[in-house]
Amino acid sequence: MIAKVTRMFQRRDPQREATLALARITTLTDVSSLPWDSGIYDDRRSRDQVYAALGVWVTPIPAGQSADSASMHDAQQAVCSDVRAEGFGVLTPVAFRGDEFLVTVPNGGETEDSWKFFVVTCCHQTSQPGGWHRVGLRVERIHDPTSTQMRELRELTAIEPV
């Protein structure tokens with residue numbers, strides 16, 4: 001209870017909040033490394049790097065504008081090659097343009113329609129064999145999507161009936 005009261009008087013740290021959310025996703029991605037299997041930790045969330053294929057959407061944020069102005073129609077599919085609490089390493093067949101992006105990550109199981117949005121900055125971009133690009137993205141904060149962005153995401157992820 002005392003910890004909750006002291007948090008009320010502390011400044012919010014958007015990057016720490018994003019780091020904790022990403023650590024939760026990392027933990028869900030690599031269930032084999034849960035604390036009760038591998039030892040006792042002070043924190044339940046894993047902050048270690050996890051090598052797991054995880055499909056994400058990466059949307060450029062127009063220069064000088066807020067994340068609310070990003071259109072999911074401009075989103076590109078990418079695959080996380082590694083996930084850690086500080087950010088993402090993604091592989092993509094197309095080079096990214098810009099410095100700031102909105103990354104949409106599945107937040108839960110495959111059957112859930114739950115997504116977590118992160119504002120990230122590009123740390124590096126390296127060409128790989130076969131026309132691939134490895135991109136390092138540092139998480140800055142969690143983003144609450146607008147209703148337009150959620151509608152556009154549902155359109156992107158809708159499964160067409162056969």
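A nonpolar core is a set of buried Ala, Val, Leu, Ile, Met, Phe, Trp, Tyr and Cys residues joined through side-chain atoms within 4.5 Å. Keep that idea at hand for the exercises below, which explore a predicted model.

**Exercise 1. Find out how many helices and strands the protein chain has, and in what pattern they follow one another.**

Solution. Step one is to count: the protein chain has four helices and six strands. Step two is to read along the sequence, where the pattern is α-α-α-β-β-β-β-β-β-α.

**Exercise 2. Work out in what order the strands of the barrel run, and which strands helix α4 touches.**

Solution. Start with the strands themselves. The six of them make a closed barrel in the order β1-β2-β3-β6-β5-β4, and the pairing is antiparallel. From one strand to the next, the twist averages 45°.

Now zoom in on one pairing. Strand β1, residues 54–60, is joined to strand β2, residues 76–84, by five bridges. Leu 54, for instance, has Cys 80 in β2 as its bridge partner.

Finally, bring in the helix. Helix α4, residues 147–157, packs on the sheet and touches β1, β4, β5 and β6. The direction of α4 makes about 65° with that of β5.

**Exercise 3. Describe the largest nonpolar core: how many residues does it have, and which elements supply at least two of them?**

Solution. First, the size: this core has 19 residues. Next, look for those with the most contacts inside the core: they are Val 56, Phe 88, Val 90, Val 103, Phe 118, Val 120 and Leu 137. Then ask where the core residues come from. Helix α2 (14–29) and the strands β1, β2, β3, β4, β5 and β6 each supply at least two.

There is also another core, lying apart from this one. That core has 10 residues, including Trp 57, Ile 61, Ala 75 and Val 119.

To see one residue of the largest core in its setting, take Val 120. Setting aside neighbours within four places in sequence, Val 120 is in contact with several residues, among them Phe 88, Phe 101, Val 103 and Leu 137.

**Exercise 4. Decide whether Phe 88 is buried or exposed, and explain why its ring pair with Phe 118 is edge-to-face.**

Solution. Begin with burial. A residue counts as buried under 20% relative accessible area. Phe 88 has 3%, so Phe 88 is buried. Phe 118 has 0%, so Phe 118 is buried too.

Next comes the geometry. A pair of aromatic rings is described by the distance of the centres and the angle of the planes. For Phe 88 and Phe 118, the centres are 5.8 Å apart and the planes stand at 65°. Planes over 60 degrees apart count as edge-to-face, so this pair is edge-to-face.

Last, place the pair in the fold. Phe 88 lies in strand β3 and Phe 118 in strand β5, so the pair ties together parts that are 30 residues apart in sequence. Phe 88 has a distant sequence partner in Val 135 as well: they are 47 residues apart along the chain, with C-alpha atoms separated by 8.1 Å.

**Exercise 5. Classify the aromatic pair of Phe 96 and Phe 101, and say whether each residue is buried or exposed.**

Solution. The rings are 5.2 Å centre to centre, with 45° between the planes, and the pair is tilted. As for burial, Phe 96 has 5% relative accessibility and counts as buried. Phe 101, at 1%, counts as buried as well.

Methods
Residues numbered from 1 in each chain as written. Predicted model: local features only at pLDDT ≥ 70, side-chain atom pairs only at ≥ 80, totals over all residues. Heavy atoms only, no water. Pairing = 2+ DSSP bridges. Axes fitted to C-alpha atoms, helices over the stretch in contact; angles between N-to-C directions. Contact = heavy atoms within 4.5 Å. Buried < 20%, exposed > 50% of the residue type's maximum accessible area, 1.4 Å probe, protein only. Phe/Tyr/Trp six-rings, centres within 6.5 Å; stacked < 30°, edge-to-face > 60°.
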